[in-house]
Amino acid sequence: MASPPLGYNGNSRLRKAYTQIAMSQHEVDEYANCMADPIYFIKNYVKIVALGKGIVPFAMYPFQEDMVKKFIDERFIICKIPRQSGKSITVIAFLLHTILFNQNYNVAILAHKGAAANGLLARLKLAYENLPTWLQSGIVEWNKGNIELENGSKIGAFATSADGLRSGSYDIILLDEFAFVEDNIAEAFFES
């Protein structure tokens with residue numbers, strides 16, 4: 001029997017790496033629908049924590065759907081959106097789709113403080129844990145600061161620093177609340 005993934009906590013809602021599962025024709029069709037359309041995936045399968053309501057399906061507003069469309073169509077995006085409008089969870093839901101349905105995709109979540117970046121990753125983990133098993137990719141590594149899936153995709157959480165991502169290559173970098181990063185650190189980060 002294979003050993004559990006590094007950092008795997010025995011959570012029964014997580015699919016272990018390289019585990020074969022049987023899928024019904026409906027599940028195969030749904031998987032294809034989700035792969036083809038991030039908005040379909042988010043609206044039908046992503047769950048979030050809503051204040052006072054607990055874990056609920058993500059009911060997207062039209063502006064959140066527009067955000068996802070922009071993420072698909074544009075390479076560089078800056079979102080200037082007010083607090084408590086659901087922008088972070090929209091980005092997290094899109095990143096979840098990205099790592100599930102792309103092989104060997106590397107994503108970095110950066111925030112002005114490591115705790116904020118880890119908080120965003122925790123929201124992605126919660127959404128992942130609430131996916132049906134047949135939509136999950138097996139877990140190779142699952143710990144406080146990163147996830148690695150059996151499809152080779154990885155996502156990590158980091159504090160923004162001058163050399164925070166110097167040694168890696170990333171397909172997507174989320175710079176959350178970058179306006180709060182001190183100018184000297186932001187400049188050194190971009191130079192690195």
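Colleague: Contact means heavy atoms within 4.5 Å. On that footing, which residues does I147 touch, not counting residues up to four places away in sequence?

Modeller: Bear in mind that we're looking at a predicted model. I147 has its place in strand 5, and the residue is buried, with a relative accessible area of 2%. Setting aside residues up to four places away in sequence, the ones I147 touches are L121, L124, K125, I139, E141, W142, S153, K154 and I155.

Colleague: K125 is one of those. What separates the C-alpha atoms of I147 and K125?

Modeller: Along the chain, the two residues are 22 residues apart. In the model, the separation of their C-alpha atoms is 8.6 Å.

Colleague: OK, and how confident is the predictor: what is the mean pLDDT of the protein?

Modeller: Of its residues, 77% reach a pLDDT of 70 or more. Residues 1–9 are a stretch to handle separately, with pLDDT below 50 and, beyond near neighbours in sequence, 13 contacts in the model. For the protein, the mean pLDDT is 82.

Colleague: Give me the layout: what pattern does the protein follow, read along the sequence?

Modeller: There are 6 helices and 7 strands to place. Read along the sequence, they come out as α-α-β-β-α-α-β-α-β-β-β-β-α.

Colleague: Back to the I147 list, then. I155 is on it; is I155 buried or exposed?

Modeller: I155 lies in strand 6. Buried takes under 20% relative accessible area. I155 comes in at 1%, so the label is buried.

Colleague: Which residues is I155 in contact with, leaving aside its neighbours within four places in sequence?

Modeller: One partner is I99, 56 residues away along the chain, with a C-alpha separation of 7.6 Å from I155. I147 is on the list too, matching what we saw from the other side. The full set is L95, I99, V107, I109, L121, L124, G145, N146 and I147.

Colleague: On to the helices. Are helix 4 and helix 5 parallel, perpendicular or oblique to each other?

Modeller: Helix 4 covers residues 87–101, and its axis runs 9 Å from that of helix 5, at an angle of about 60 degrees. Roughly parallel would need an angle under 35 degrees, and roughly perpendicular starts at 65. Helix 4 and helix 5 are therefore oblique.

Colleague: And which residues of helix 5 make that contact?

Modeller: Helix 4 passes helix 5 in a right-handed crossing. From helix 4, the contact uses S88, I89, I92, L95, L96, I99 and L100. From helix 5 it uses L120, R123, L124, A127 and Y128.

Colleague: There's another helix pair. At roughly what angle do the axes of helix 2 and helix 3 cross?

Modeller: The crossing of helix 2 and helix 3 is right-handed. The contact is made by P38, I39, I42 and K43 of helix 2 with E65, V68, K69 and I72 of helix 3. Their axes come within 10 Å and cross at roughly 140 degrees.

Colleague: K43 and E65 both appear there. What N to O distance do you get for their salt bridge?

Modeller: E65 lies in helix 3 (residues 62–73) and K43 in helix 2 (residues 38–45), so the pair ties together parts that are 22 residues apart in sequence. E65 is buried at 17% relative accessible area, while K43 counts as partly exposed at 42%. Their side chains meet with an N to O distance of 3.1 Å.

Colleague: How many salt bridges does a search of the whole structure find?

Modeller: Besides E65 with K43, R13 meets E129 at 3.7 Å, N to O. E150 forms one with R15, the closest N and O atoms being 3.8 Å apart. The search finds 3.

Colleague: How far apart in sequence are the parts that E150 and R15 tie together?

Modeller: R15 is buried at 13% relative accessibility, and E150 is partly exposed at 24%. E150 sits in the loop between strand 5 (146–149) and strand 6 (154–159), with R15 in the segment before helix 1, so the pair ties together parts separated in sequence by 135 residues.

Colleague: Last one: what share of the 192 residues in the protein is buried?

Modeller: E129 is one example, with a relative accessible area of 14%; its partner R13, at 39%, is partly exposed. Over the whole protein, the buried share is 41%.

Technical notes:
Residues are numbered from 1 along each chain as its sequence is written. This is a predicted model: local features need pLDDT of at least 70, side-chain atom pairs count only at pLDDT 80 or more; totals for chains, interfaces and linings use all residues. Side-chain values use heavy atoms; hydrogens and water are left out. pLDDT is the predictor's confidence in each residue, from 0 to 100. A salt bridge is a side-chain nitrogen of Lys or Arg within 4 Å of a carboxyl oxygen of Asp or Glu. Buried means under 20% relative accessible area, exposed over 50%, partly exposed in between (1.4 Å probe, protein chains only). Helices (H or I, at least four residues) and strands (E, at least two) are DSSP runs, numbered from the N terminus. Axes are lines fitted to C-alpha atoms, for helices over the stretch in contact, and angles run from 0 to 180 degrees between N-to-C directions. Angles under 35 degrees count as roughly parallel, over 145 as roughly antiparallel, 65 to 115 as roughly perpendicular and the rest as oblique. A crossing is left-handed if the near helix is turned anticlockwise from the far one by less than a right angle, and right-handed if clockwise.
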